[in-house]
Amino acid sequence: MSDKMSTAWWSLKIAFFLGPFLAGLDKFFHLLTNWDKYLSPTAQSILGSHSHQFMMLVGVVEMIVGLLVITKWTRLGAYLATIWLLLIAINLVMTGQYFDIALRDIGLCLGAFGLAKLTEAAESEALHVVPTEIRQAA
């Protein structure tokens with residue numbers, strides 16, 4: 001991987017660790033916002049009185065996704081973040097408001113997809129490296 005690609009990869013990796021992990025952690029403390037207000041009426045009617053517990057579960061999932069991204073499972077974490085962010089955007093649109101946040105999440109979704117593809121390319125490149133001993137023997 002070139003230095004420029006490596007810098008982009010690490011930047012995305014750090015961003016998609018910090019964002020989901022911190023947002024997930026905040027689902028338990030509500031320091032940034034009251035996350036429960038972002039649930040669509042449809043989700044609220046399905047969940048009933050369990051909406052807050054659901055949002056805490058969402059927080060756990062987000063923290064796991066962030067940890068996957070920063071570890072050796074970057075590609076898996078990035079694909080999960082892609083799907084997760086798309087689902088969040090759909091939920092936000094279903095609220096009838098927060099369209100600006102939904103649009104941001106679509107952009108983040110595409111960024112997570114880019115990280116997954118960069119990781120795939122780096123892994124594919126690493127698999128095509130021929131050890132020096134084999135090259136010299138041939």
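How many helices and how many strands are there in the chain? Colour the model by secondary structure and count: there are 6 helices and 0 strands. Following the sequence from start to end, you pass through the pattern α-α-α-α-α-α. Keep in mind as you go that this is a predicted model.

**Stop 1: the whole chain**

Zoom out until everything fits on the screen. Along the principal axes, the C-alpha atoms take up a box of roughly 70 × 25 × 25 Å. The radius of gyration is 19 Å, whereas a compact globule of 138 residues would have one near 14 Å. Now colour by accessibility: 33% of the 138 residues are buried. If you draw the contacts between residues with a separation of 6 or more, 66% of them join residues 24 or more positions apart.

**Stop 2: α1 against α3**

Select residues 3–26 for α1 and residues 51–70 for α3. Two packed helices are described by the angle between their axes and the distance between the axes. Here the angle is about 160° and the axes are 7 Å apart. Angles over 145 degrees count as roughly antiparallel, and α1 and α3 are therefore roughly antiparallel to each other. Their crossing is left-handed.

Next, show side chains where the two helices meet. On the α1 side you will find, among others, Lys13, Phe16, Phe17, Pro20 and Phe21. Facing them from α3 are residues including Gly59, Glu62, Met63, Gly66 and Leu67. Sorted by class, this contact has 11 nonpolar, 3 polar and 2 charged residues.

**Stop 3: Phe21**

Stay in helix α1 and pick Phe21. Is Phe21 buried or partly exposed? With a relative accessibility of 22%, Phe21 counts as partly exposed, because the buried class ends under 20%. Leaving out neighbours within four places in sequence, Phe21 is in contact with Glu62, Met63 and Leu67. Try a distance label too: the C-alpha atoms of Phe21 and Val65 are 7.4 Å apart, although 44 residues separate the two along the chain.

**Stop 4: α3 against α4**

Keep α3 selected and add α4, residues 74–94. The axes of α3 and α4 cross at roughly 145° and come within 7 Å. This crossing is left-handed. From α3, residues including Val58, Val61, Val65 and Leu68 take part. From α4, look for Leu76, Leu80, Trp84 and Ile88, among others. The residues of this contact divide into 11 nonpolar, 2 polar and 1 charged.

Glu62 and Val69 deserve a click here: both are in the contact of α3 with α4, and both are also in the contact of α3 with α1.

**Stop 5: Thr74**

Now centre on Thr74 in helix α4. Thr74 has a relative accessibility of 2% and so counts as buried. Which residues does Thr74 touch, not counting those up to four places away in sequence? Show Trp9, Lys13, Leu68, Val69, Leu115 and Thr119 to see them. Trp9 and Lys13 fall within α1 (3–26), while Leu115 and Thr119 fall within α5 (99–127).

**Stop 6: two loop residues**

Finish with the backbone. Select His30, in the loop between α1 and α2 (41–47). His30 has a positive phi of about 55° although it is not a glycine. At a relative accessible area of 27%, His30 is partly exposed.

Then move to Tyr98, in the loop between α4 and α5. Tyr98 is not a glycine either, and its phi is positive at about 60°.

Methods
Residues are numbered from 1 along each chain as its sequence is written. This is a predicted model: local features need pLDDT of at least 70, side-chain atom pairs count only at pLDDT 80 or more; totals for chains, interfaces and linings use all residues. Side-chain values use heavy atoms; hydrogens and water are left out. Helices (H or I, at least four residues) and strands (E, at least two) are DSSP runs, numbered from the N terminus. Buried means under 20% relative accessible area, exposed over 50%, partly exposed in between (1.4 Å probe, protein chains only). Axes are lines fitted to C-alpha atoms, for helices over the stretch in contact, and angles run from 0 to 180 degrees between N-to-C directions. Angles under 35 degrees count as roughly parallel, over 145 as roughly antiparallel, 65 to 115 as roughly perpendicular and the rest as oblique. A crossing is left-handed if the near helix is turned anticlockwise from the far one by less than a right angle, and right-handed if clockwise. Contact means heavy atoms within 4.5 Å. Ala, Val, Leu, Ile, Met, Phe, Trp, Tyr, Cys and Pro count as nonpolar, Asp, Glu, Lys and Arg as charged, and the others, Gly among them, as polar. The radius of gyration is taken over C-alpha atoms; the globule rule is 2.2 Å times the number of residues to the power 0.38.
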